[in-house]
Amino acid sequence: MAVAQLSTPPYTTTRLFHPSKLSFSATHLRRLDFPPLSRTQNARVSCSLAPNQVQAPAPTLTEDPKNKPECYGVFCLTYDLKAEEETKSWKKIINIAVSGAAGMISNHLLFKLASGEVFGADQPIALKLLGSERSFEALEGVAMELEDSLFPLLREVSIGIDPYEVFRDVDWALLIGAKPRGPGMERADLLDKNGQIFAEQGKALNAVASRNVKVIVVGNPCNTNALICLKNAPKIPAKNFHALTRLDENRAKCQLALKAGVFYDKVSNVTIWGNHSTTQVPDFLNAKIDGLPVKEVIKDHKWLEEEFTHKVQTRGGALIKKWGRSSAASTSVSIVDAIKSLVNPTPEGDWFSSGVYTSGNPYGIAEDIVFSMPCRSKGDGDYELVKEIKFDDYLLKRITKSEAELLAEKRCVGHLIGQGIAFCDLPEDTMLPGEM
């Protein structure tokens, strides 16, 4: 075992390749605090594969002054095969960064990503996991569990605490990590503290990520965090940034299905408008149940106007009261749904909700904020806003309230988006129950 002393927590890479690829390589660095010893490098094994056996010469030690790794097990080995033996059918690896990777949401999400459920059963991926110095050992534990799961599509697991390292060349960035709102913390303080995190991550994405990286912001307040992130990443199209409102959409579909007495796959065309807060607007005017307008199926319009929105908004708090935990599993499912809605064509006539940049929107919503709106995709990772939307006074009034809140939040973070001194005049506390 080679032991190294590093001044900062290192960036750790573990590469995993399925045997049918016929090759894999790995480097594993770990943060250690032991005195430096002599440099002992990775064993390198060169071999050729016969149909039913592996023949390998004895390992030989090599010196490489650039690396001082400690490795374990099979990940210390590098297998080299003849080029003609490699299959040519593999797709290009998708690099996915996940922040807050040691948290509960990620604990559900990462295994869905690695299984092929999200990007497809023939799409290899690399996971790049971002944590903090405090969570670094937990990140190692996450990587170990991913290794032990033997996912054939998971080719690489990298862990680190520096976004400039973790975000390098990523195609997707799922920004989950954020500070929770503590007792007595004002919402303006939360906006500032988390805003600083997302400003830094935006700068890192701008510097090292793929120029067409898709970014989904989950950490709350997610709409304004997404705005901060995109403003600090001018080299990346603003259209590529999303704030997660898909869990709100899923909750709205569930409540409509329960009220109508149908299974939830019969519910479509549901939009969440606005902010991920108690000013969000679940839209029942344009929603459909089994192809019919919701108001034709659910005749209790008082329930739609008074109880429906409240049930959607307070679902997270109700869940916590039941079992004392936040909605980590259903949040991870909603992240999967959000990604799949962008990488698969939207069913004809339907749409999905996402918090996206408002500039150029067809609804008259204020420019230069991140606002949840109805979207469609051709399955290429991009989207377009849905134009055939009906509005009535009830819907417009509530959309306007959520718009005003997001404009106030924007003023609170002016110092983080290049718009001068921050000025906070938030009208009220609208954090969703269960997210404090």
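**Two helix pairings in a predicted model**

Helix 1 and helix 10 are oblique to each other, because an angle that falls in none of the parallel, antiparallel or perpendicular ranges counts as oblique. The model in which they lie is a predicted one. Helix 1 spans residues 104-115 and helix 10 spans residues 328-343; their axes are 8 Å apart and make an angle of about 45°. The crossing of helix 1 past helix 10 is right-handed.

The contact between these two helices can be followed residue by residue. From helix 1, the participants are Met104, Ile105, His108, Leu109, Lys112 and Leu113. They meet Ala328, Ala329, Thr331, Ser332, Val333, Ile335, Val336 and Ile339 of helix 10. By class, the residues in the contact of helix 1 with helix 10 comprise 10 nonpolar, 3 polar and 1 charged.

A second pairing joins helix 6, residues 246-260, to helix 8, residues 301-313. Here the axes come within 9 Å and cross at roughly 135°. That angle makes helix 6 oblique to helix 8. The crossing of helix 6 and helix 8 is right-handed.

On the side of helix 6, the contact is formed by Asp248, Arg251, Ala252, Gln255, Leu256 and Lys259. Their partners in helix 8 are Trp303, Leu304, Phe308, Lys311 and Val312. The residues of the contact of helix 6 with helix 8 divide into 6 nonpolar, 1 polar and 4 charged.

Key. Residues numbered from 1 in each chain as written. Predicted model: local features only at pLDDT ≥ 70, side-chain atom pairs only at ≥ 80, totals over all residues. Heavy atoms only, no water. Axes fitted to C-alpha atoms, helices over the stretch in contact; angles between N-to-C directions. Helix = DSSP H or I, 4+ residues; strand = E, 2+ residues; numbered from the N terminus. Parallel < 35°, antiparallel > 145°, perpendicular 65-115°, else oblique. Left-handed = near helix turned anticlockwise from the far one by under 90°. Contact = heavy atoms within 4.5 Å. Nonpolar A, V, L, I, M, F, W, Y, C, P; charged D, E, K, R; others polar.
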